[in-house]
Amino acid sequence: MKTIEEINQKIRDGDAVVVTASEMTRIVQENGAEEAAKEVDVVTTGTFGAMCSSGAFFNFGHSDPPIKMSHTYLNGVEAYSGLAAVDAYLGATQPHRNPDIGLDYGGAHLLEDLVRGKEIELVAEAYGTDCYPRTEVHTFISLESLNQAIMVNPRNCYQNYAAATNSTEETIYTYLGTLLPQMGNVGYSSAGELSPLLNDPYFQTIGVGTRIFLCGSQGYILGEGTQHATDGERENGVPVGSAGTLMLQGDLKKMDAKFLRGATMPKYGPTLYVGAGIPIPILNEEIAQRTGISDQDIHCNIYDYGVPRRSRPAVMETNYQELRSGKIEINGREVQTSPLSSLKKALEVAQELKSWIEKGNFFLTNPVQNIPNKGCTVKPLQIRRPSILVKDLKIKPVITARAEDDISGVARKMVDDNINHVPVVDHAGRLMGIVTSWDIAHAVAQDSKKLTEVMTKKVIVAMEDEPVELIARRIDKHEISGVPIVNRENRVRGMITAEDISRLICSQNNKEGDSQ
Amino acid sequence: MKAWLNFSPSIVSKTVISDLIKHYDVSFNILRADITPKGGKMLIDISGSEAEKGIQYLEKEGIQLNPIKKVVKKDEEKCMDCGECVSLCPVEAITIDEEWTVHLDDQKCIGCGFCTSSCPTKAIKIAD
Ligand code: SF4
Ligand code: SF4
């Protein structure tokens, strides 16, 4: 059993044994976890993949006269500036504001240009206040001129991830790359046995405040990332799906463009390739065992991205050894695989971090707090469109009959106005019952004269302030073709029929189609 | 050798290709074809002991032959070895080596352009 303090002392003395996660896998295979735990002090992990949920906070400094920026554009890419006066957050996937450039240059490209030391055009607009009178800014900035440029990535380092294929007849363009028709290829994105959170699947050492390698600089883990999930299916202790995530922070000013690249997934959009590496202190045998995980032991599912729904059908299960071999058999046919995240760079990250520790330039940290390893699930977004109420409908003026009206008169009304239902009301217009053409025919056949004898007294109604969906369900449930609409005083205001409702649904769908 | 064969309309209806294979010791692979009654082009890979003679025969029959030289170029600075392009190449001209470096073999490449349009950093360019 070791402690972080002991390992740090070894690092200080230049005695720490540091290996990459791939090397550790071989060591555990050959010598067993017990030996490995004694022998090895730190395992370095690494990943270099497209991490869309990335970005950076900037502070531009105050101009004279000062401005309170409300719209901010960096090389034409909008940053969110609803934060005080001269702060902004630029997201990696934000496309260029000029639609002709659009996806070809976005937030991710801007971040890379900044790190490369390039000059960046800053355009800002403001509404002007007494204390911030300036309403526009057009100037140039660079990474150096910014007061702060702090990378904060809300969701990085997915523990594992799905692999993708496409069963349709057409090529599709996804965040897992270009997918050929008829399951012609497979895209996957995890760095497998090198990947940080697959080497510490229960967050035993990785926690809030953990010092990490982030794009060539020393960064920190702020905590679990958005969509952090812990309770999904596991095999060999590691999740088979996306599962855990991390929120990361680092200083853009210290980063190296070698480990941070702006990219565009064709017809999908900009994304940032982030190089992240996390050191795992080998405190005991169990941790050693977990870092010994191999590509073969890490499973994932290949999903059909040809189905554009939240739950896509799984085509088959595979593991990273198969995926990394470059070819995989789907339905008896061999297809090629694309890694999407650079395994070469992932290894470079792990090696770089290893050399920092060996040289005594990087020390390990105790977590300030643990990251949850159970009880976290991701809820889907429920789409609730605002309900349309009965009173919002355009309703034709209603034709009613009085209780004392004679039947032949009512029959004539029905024929003349081509209607099938007539609500029966009292002198104040209050609903008493309803007659249908069938009731009338029945009455004529039986020679009855009084409306009140043939009408249905227990009337199913729609209240004015009920949502239309509810009425649709009611009409359906009672197998009727329409119901009278009444107000709170039970006065009849109109009729609503199944036909009115289906017309409403059609027009709504058309409207939605237009806005897509 | 890889080459584009350009057919004029008068040749499309003739059995030039099958005659070539019948009469010469060549192995012949059609990589791409785009032939209409108005003529067309076909990308072929031709090899074998009588490849030269075969080519002469094709030219004699009126097929214009344009050998392919370098068609794609990968900018090693821009390439980040992500491997996205690998599975898209129909002729396996793009491979990943032991160290996970991505290589493009322009001898094998047929210039289809799949990799150029899919590369996230636009590292591959077609150069005719
Ligand atoms: S897709 Fe582009 S960046 Fe990725 S390996 Fe191919 S050439 Fe390199
Ligand atoms: S252009 Fe086509 S054939 Fe050539 S390397 Fe790219 S994908 Fe392969």
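## Where the two chains meet

Let's start with the meeting place of the two chains: chain A and chain B bury about 1,900 Å² between them, and 53% of that area lies on carbon and sulfur atoms. Keep in mind that you are looking at a predicted model. Three residues deserve a click in your viewer: Arg261(A), Gln336(A) and Lys344(A) supply 29% of the area that chain A buries against chain B, more than any other three residues.

How many residues take part in the contact? Chain A brings 27 residues and chain B brings 24 residues.

## Links across the interface

Now for the pairings. Three salt bridges are found across the interface of chain A and chain B. One of them joins Lys327(A) to Glu92(B), with the closest N and O atoms 3.2 Å apart. There are also 13 residue pairs in polar contact across this interface.

## Chain A's side

Which elements give two or more residues to the side of chain A that touches chain B? They are the strands E13 (177-179), E14 (185-187), E21 (260-265) and E27 (333-338), together with helix H7 (343-358), of chain A. The largest share, five residues, comes from E21(A). Sorted by class, this side of chain A holds 11 nonpolar, 10 polar and six charged residues.

## Around ligand 2

Finally, turn to chain B and find ligand 2. Cysteines among the residues around ligand 2 are Cys89(B), Cys109(B), Cys112(B) and Cys115(B). The surroundings also include Val72(B), Pro90(B), Ile94(B) and Leu104(B). By class, the shell has 10 nonpolar residues, two polar ones and no charged ones.

Conventions. Residues are numbered from 1 along each chain as its sequence is written. Chains are lettered from A and ligands numbered from 1 in the order in which they are written. This is a predicted model: local features need pLDDT of at least 70, side-chain atom pairs count only at pLDDT 80 or more; totals for chains, interfaces and linings use all residues. Side-chain values use heavy atoms; hydrogens and water are left out. A residue is near a molecule or strand if one of its heavy atoms lies within 4 Å of it. Ala, Val, Leu, Ile, Met, Phe, Trp, Tyr, Cys and Pro count as nonpolar, Asp, Glu, Lys and Arg as charged, and the others, Gly among them, as polar. Contact means heavy atoms within 4.5 Å. Buried area is the accessible area (1.4 Å probe) that two parts lose on being put together, summed over both. A salt bridge is a side-chain nitrogen of Lys or Arg within 4 Å of a carboxyl oxygen of Asp or Glu. A polar contact is a pair of N or O atoms within 3.5 Å; within protein, one must be able to donate a hydrogen and the other to accept it, and residues adjacent in sequence count only if both atoms are side-chain atoms. Helices (H or I, at least four residues) and strands (E, at least two) are DSSP runs, numbered from the N terminus.
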